[in-house]
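The following exercises concern contacts between side chains. Each task is followed by a solution that goes step by step.

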Amino acid sequence: MGKLEKTFYWFCFVLLIYTAVGFKLIPNIAKDQLIKNLDENLTLKTTIEKIEFNPFTFKIKIQNFKLSDENNNSDISFKELNINFAIMRSIEKRHISFQNIYLDELYLNIIEDKNGALNLTKLVKDNPKEEEKKEETTSSDIKFLISKIDLKNADINFKSEKEEKPFSLSLKDIDYTIYDLGTYNNALSSNNLTFRINEDTNVSIGGAFKLEPFKMYGKIDVSNLKIKEFLDFKKDIFNFDINNDASINLVLNYNIDTTNDFDLKLKSDLLELNNLELKQNNKSIANLKKLDIKRFDFDLIGQNIKLDGVKIDSLNANMISDKSGINFANLIKTNSSKEENKNEQKVETAQNSKSKPWIVNLSNIEATTNFNFDDKTNNSLINVKTTNLNLKNLQIIDSKIDLNSLNINNSNLSFIDNKNKLDIQSKNTKINLNTLSLNNSILDIDTINLSKENLIFNEKKSKLNIDSKNLNLVLNALKIDGNKISIKNSSLKTPKLNFKDKNSKIDINSTNIGLNLNNFMLDNDKITVNEIKLSKPTVNFKDLANKIDVKSKNIEITLNTLSNKGSDLSINSIRVLNPNLDFINLENNTKIHAKNLDLKIQQLSNKKNIFKIVKTDLNNPFISVVLPKNTTPTQKNEETIKTTNTPTKENKSSNKTKLNIGPVNIKNGTFDFEDKNLPISFKTKVTKLNGKISEIRNTKSSKTNLEVNGVVDKYGVAKITGIVNPNNIKFLTDINMKFQNIAMENFTPYTGKFIGRELKSGKLDLDLKYNIDQSNLDAKNNIVITKLELGNEVQSPDAVSLPLGIAISLLEDKNGVIDINLPISGNVDDPQFSIGSIIWKAFVNLITKAVTAPFSLLGAVFNFSEDEIKSVKFDSLESEITPIQKETLDKIAQILTAKQDIAIKLIASYDKDKETLALKEKKYLARKDDDRNLKKEQIDALIAKEKVKDIELEKIAKERILNIKEYLIKEKSINKKQIILSDELITSNSSIDLKIEQLK
């Protein structure tokens, strides 16, 4: 036998032994040793049906492995495990390589006992010796590659007995395949995992990963995930129940990269939450038909979250507040201690302070919601039905929020406060918001549009009701910065607004309200508005308590530059244009109608208890007053008047507001008056009414000048001038009222009632002058009647029997003119004093008396102040007419030219004390040129020794009045009869006081 043959036989023998040992001996030894070692270290009994080993392919197969307890209940088992070792590749690549690992029908049964311990944690027997050992372990890089890992038909059951009602969860039909799992460079492993959760949920996870450095990407597909099956596991921390049908559908792409930092990116293809319902105490508190998120992106390193295409379908919430609090605040039970919460907050605060801000983007969000809030503590209920929300884009970066296009539509909102008997109903509310920005607590909103189809406010306790139709509010450029709020412009429109206060008996009905505000600013407690405009509303105001009914149409009100802080108010200008106003006194049916007026008020203010208006213009006003027939007895009226005129002490207050109202100008006005409380109705009209009222102040010494004129009926004219104290007309009233060319037949209704005769024809001129000083009345009534002709008799119980025909004949002059002067005097504080009765008595008795008008009246007529014309001022020793005297004399000349029947009386005057001293000094200085170095006391003594005669001073006084007369006659062409020189002499004043005398 040759050497080669021996080698061959030995090889065959070794091969046979290797084969026998590999196929038979090794599996049996491995089975026995594996069972022995597992039984020694585990608390469960190990069962292995068979182990197979292929010594040529290094393939190991383990069949029917099982770990069972004493009752033969298995918690871990599998049907078959195949491990195919790639020996040749391992040698070639110099790392551990497996061609295939296959595990079939793996079964795990995990049980949590009442103490929270898992059964698998008790699988290994306790070994005190191993616990005492302290081994230093070092990790070394182990290169390996597994070409394929295949897990088929695996099941995992989890059961928790911690709660009274056991919780169970099953993962079924688990199939998991991994390709090319390894640690060497550029080894990329693909994997695919599918399983079912209980009976309804299907999960699929596919993708790839790399171990060094760890990278992973793929897709997760979860279908019909039952939320209740998971929440029941920790049911003890939830204070609500969830329905069985609630489910989640999810398709999520993930990407993990740990090359530098932990980088996690998530992107969803599908994210749905369906049929969710939350219950407390068997009552539904919230339900959601569907939440659909079309796109969800998450970037951990970029700290970016994006949600796109979010649709919330039929979200209904029922909030309840009672003694235990609000139900939504107790959804999760909290058992952690206060210290733990504080520590968590500190950790979160530290983390937040170190990390950069997250960027959250929400876009294309739609929601349909219903909300109910039942406040059982305060016995109130809020119900919000069918609210539709549409959000285009919302970005949140730390504390910065940017929003673009938000639309909210609410079909019905109701608030019922049974405790306070308040009921608020709102229908079809729409809120449109264009852009919003919140940065560093500064809120900027480009446009807000709020509209309501109907708003009802009903306060039953005070019987207050407000009803609004189709209300529309628009705010542009709204900015809120702390205590500062600004709005560039805003508008409020409502075609119908009703207000009813049954307790106060006030009823307000308005239509077509249009209110616009420009540049509104609220800075702490200061409000400024550049312009406020109210456009042509129709308002009906009825106050039954005060018997007032006011109706307004087409009124336009514009306010410019309004400022308000506390009680301080200022408005640069106010304009009221073309109103149509009707005022009705429901008690006596007196009607006042106004239209076509154009009212302008400039610089209105109320500051430091002073109410001020710089100027008021009233253009083209039309005012009509109608007095109805009076059905109330006369005696009752007189009692009412007396009661009304009784002064009350309550009006006197040291803290009352001071008035400072500038001139009021009236232009082209029309006034209609009708008195139906006569046997024959009286009507008159004043047109082309123009006038001016000077400053109105309510101080004790204030004066107001009046000047008003107009056309009465067709051919008559009227003019009113004078001075009054607006604070108290009893303190000062100096009024001149002139009526010229008035048709007498228009007064037939009054003459018919009081004297029992109609007036057929005639003309009336009235010159009425009323002066009240310190409650003392001094009135002059000049009545001129031309060609008066009486008409038929009128039956009237109030008529006075007078021989009018004879009286008229006696009073008329040769030209048919009756000139009657009726002076009146008395104290208006006397309760028995009555102007009307005194005038009537004076007229009946034909008492005439000529009265000279005072300078205050002349000043009012010619628009001069009294001080300007009552005296001519001269300095000491001065007698020549200078521009200072000319200013006064020119005004006197103007008066004398217009008043040819009056004269100015001049009385010579000088100041004896002052002018004597001045004349002595003048004489001393004229000749004592060498005494200039003397002391003042010496000079004064020398001046005092000078002699001055009274005739020298009288000469100066007489020169003054002569120069005045000469100036008026020669320079101003005044009739010399109107200049009277008195023989009197006044020695107390250097000025010439003027007196007025009537020319005969």
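**Exercise 1.** In this predicted model, determine whether Phe78 is buried or exposed, and then characterise the ring pair to which Phe78 belongs.

*Solution.*
Step 1. The relative accessible area of Phe78 is 12%. Buried means under 20%, so Phe78 is buried.
Step 2. A search of the whole structure yields two aromatic pairs. In the pair formed by Phe65 and Phe78, the ring centres are 4.9 Å apart and the planes stand at 15°. Planes under 30 degrees apart count as stacked; the pair is therefore stacked.
Step 3. Phe65 has a relative accessible area of 10% and is likewise buried.
Step 4. Strand S2 (residues 59–68) holds Phe65, while strand S3 (residues 74–85) holds Phe78, so the pair ties together parts that are 13 residues apart in sequence.

**Exercise 2.** Identify the salt bridge formed by Glu80, and state which strands it ties together.

*Solution.*
Step 1. The partner of Glu80 is Lys61, and their closest N and O atoms are 4.0 Å apart.
Step 2. Glu80 belongs to strand S3 and Lys61 to strand S2, so this salt bridge ties together parts 19 residues apart in sequence.
Step 3. Glu80 counts as buried at 18% relative accessibility, whereas Lys61, at 21%, counts as partly exposed.

**Exercise 3.** Describe the salt bridge between Lys923 and Glu952, and then name the residues that shared partners join into one network.

*Solution.*
Step 1. The closest N and O atoms of Lys923 and Glu952 are 3.0 Å apart.
Step 2. Lys923 lies in helix H13 (residues 912–927) and Glu952 in helix H15 (residues 950–971); the pair therefore ties together parts that are 29 residues apart in sequence.
Step 3. Lys923 is partly exposed, with a relative accessible area of 23%, and Glu952 is partly exposed, at 27%.
Step 4. Through salt bridges that share partners, Lys50, Glu52, Lys61 and Glu80 are joined into one network.
Step 5. The search of the whole structure finds 27 salt bridges, including the one between Lys923 and Glu952.

**Exercise 4.** Which residue lies over the face of Phe622, and which over the face of Phe864?

*Solution.*
Step 1. Over the face of Phe622 lies Lys595, at 5.0 Å from the ring centre.
Step 2. Over the face of Phe864 lies Lys891, at 5.4 Å from the ring centre.

Technical notes: Residues are numbered from 1 along each chain as its sequence is written. This is a predicted model: local features need pLDDT of at least 70, side-chain atom pairs count only at pLDDT 80 or more; totals for chains, interfaces and linings use all residues. Side-chain values use heavy atoms; hydrogens and water are left out. Rings of Phe, Tyr and Trp (its six-membered ring) pair if their centres lie within 6.5 Å; planes under 30 degrees apart count as stacked, over 60 as edge-to-face and the rest as tilted. Helices (H or I, at least four residues) and strands (E, at least two) are DSSP runs, numbered from the N terminus. Buried means under 20% relative accessible area, exposed over 50%, partly exposed in between (1.4 Å probe, protein chains only). A charge sits over a ring if NZ of Lys or CZ of Arg is within 6 Å of the ring centre and within 35 degrees of the ring normal. A salt bridge is a side-chain nitrogen of Lys or Arg within 4 Å of a carboxyl oxygen of Asp or Glu.
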